[in-house]
Amino acid sequence: MWIEYQEQVLPVLEAHCYPCHGNGKHKGDIELDGFGDLEDVLGDDWTWELVHEQIGGYAMPPKEEAMPSVLQRRVVTVWIDRVFHPVDC
């Protein structure tokens, strides 16, 4: 899951979220660039549920910013679902 984060999720975050929530910026007290491994991610479910809600609900990024595609939004939200809500059939 961490490789998927690095290869698929992180590029979306860097392009669309880091301008306000990364690279030393933490608008709204949300900082997305401090996750060094999957354990760090799992330790902050509140942030990731918020990311899911905001990206999946088209509330973020703000309309004046470059928008991620539907596929990019889905990559992020599906990854969050898999990490925080795993189902073992």
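User: Where does Glu65 lie?

Analyst: Glu65 lies in the loop between α4 and α5. Keep in mind that this is a predicted model.

User: And why is Glu65 called partly exposed?

Analyst: Its relative accessible area is 35%. Buried would need under 20% and exposed over 50%, so a value in between counts as partly exposed. Glu65 therefore gets the middle label.

User: How far from Glu65 is Glu31 in sequence and in space?

Analyst: The two are 34 residues apart in sequence, and their C-alpha atoms are 18 Å apart.

User: That same loop has a proline, Pro61. How do you know what kind of peptide bond joins Met60 and Pro61?

Analyst: Check omega: about -10°, and the bond is cis. What makes that worth a look is that most peptide bonds are trans. Pro61, like Glu65, sits in the loop between α4 and α5.

User: What makes Asn23 and Asp29 worth flagging?

Analyst: Phi. For Asn23 it is near 55°, and for Asp29 it is near 60°. Both values are positive, in residues other than glycine. Most residues other than glycine have a negative phi, so a positive one catches the eye. Asn23 is in the loop between α2 (18-21) and α3 (38-42), and Asp29 is in the loop between α2 and α3 too.

User: Why do Asn23 and Asp29 count as exposed?

Analyst: The bar is over 50% relative accessible area. Asn23 comes in at 61%, so it passes. Asp29 comes in at 69%, so it passes as well.

User: What about Gly36, which is in the loop between α2 and α3: why is it called exposed?

Analyst: Its relative accessible area is 55%. Exposed starts over 50%, so Gly36 qualifies. From Gly36 to Ala59 you go 23 residues in sequence and 26 Å in space, C-alpha to C-alpha.

User: Zooming out, how many helices and strands are there in the protein chain?

Analyst: Five helices and zero strands. From the N terminus, the order reads α-α-α-α-α.

User: What makes the chain as compact as a globular protein of that length?

Analyst: The radius of gyration is 12 Å, and the globule rule gives 12 Å for 89 residues, so the chain is as compact as a globular protein of that length. The C-alpha trace spans about 40 × 25 × 20 Å along its principal axes. As for the surface, about 5,700 Å² is exposed, with 53% of it from carbon and sulfur atoms.

User: What share of the residues counts as buried, and which have the most contacts inside the largest nonpolar core?

Analyst: 33% of the 89 residues count as buried. The largest nonpolar core has 20 residues, and Tyr5, Leu13, Leu32, Val41, Trp48 and Trp79 have the most contacts inside it. At least two of its residues come from each of α1 (2-16), α4 (45-56) and α5 (70-84). The largest share, six residues, is supplied by α1.

User: How do you know which residues Trp48 is in contact with?

Analyst: Contact means heavy atoms within 4.5 Å, so that is the test to apply. Leaving aside neighbours within four places in sequence, Trp48 is in contact with Tyr5, Leu13, Phe35, Val41, Trp79, Ile80 and Phe84.

User: How far apart are the mean positions of the positive and negative charges?

Analyst: They are 11 Å apart, for 6 positive and 17 negative charges.

Note on methods. Residues numbered from 1 in each chain as written. Predicted model: local features only at pLDDT ≥ 70, side-chain atom pairs only at ≥ 80, totals over all residues. Heavy atoms only, no water. Helix = DSSP H or I, 4+ residues; strand = E, 2+ residues; numbered from the N terminus. Rg over C-alpha atoms; globule rule 2.2 N^0.38 Å. Buried < 20%, exposed > 50% of the residue type's maximum accessible area, 1.4 Å probe, protein only. Areas by Shrake-Rupley, 256 points an atom, 1.4 Å probe, with all protein chains shown as cover. Lys, Arg positive; Asp, Glu negative; His and termini not counted. Charge placed at Lys NZ, Arg CZ, Asp CG, Glu CD. Core = buried A, V, L, I, M, F, W, Y, C linked by side-chain atoms within 4.5 Å.
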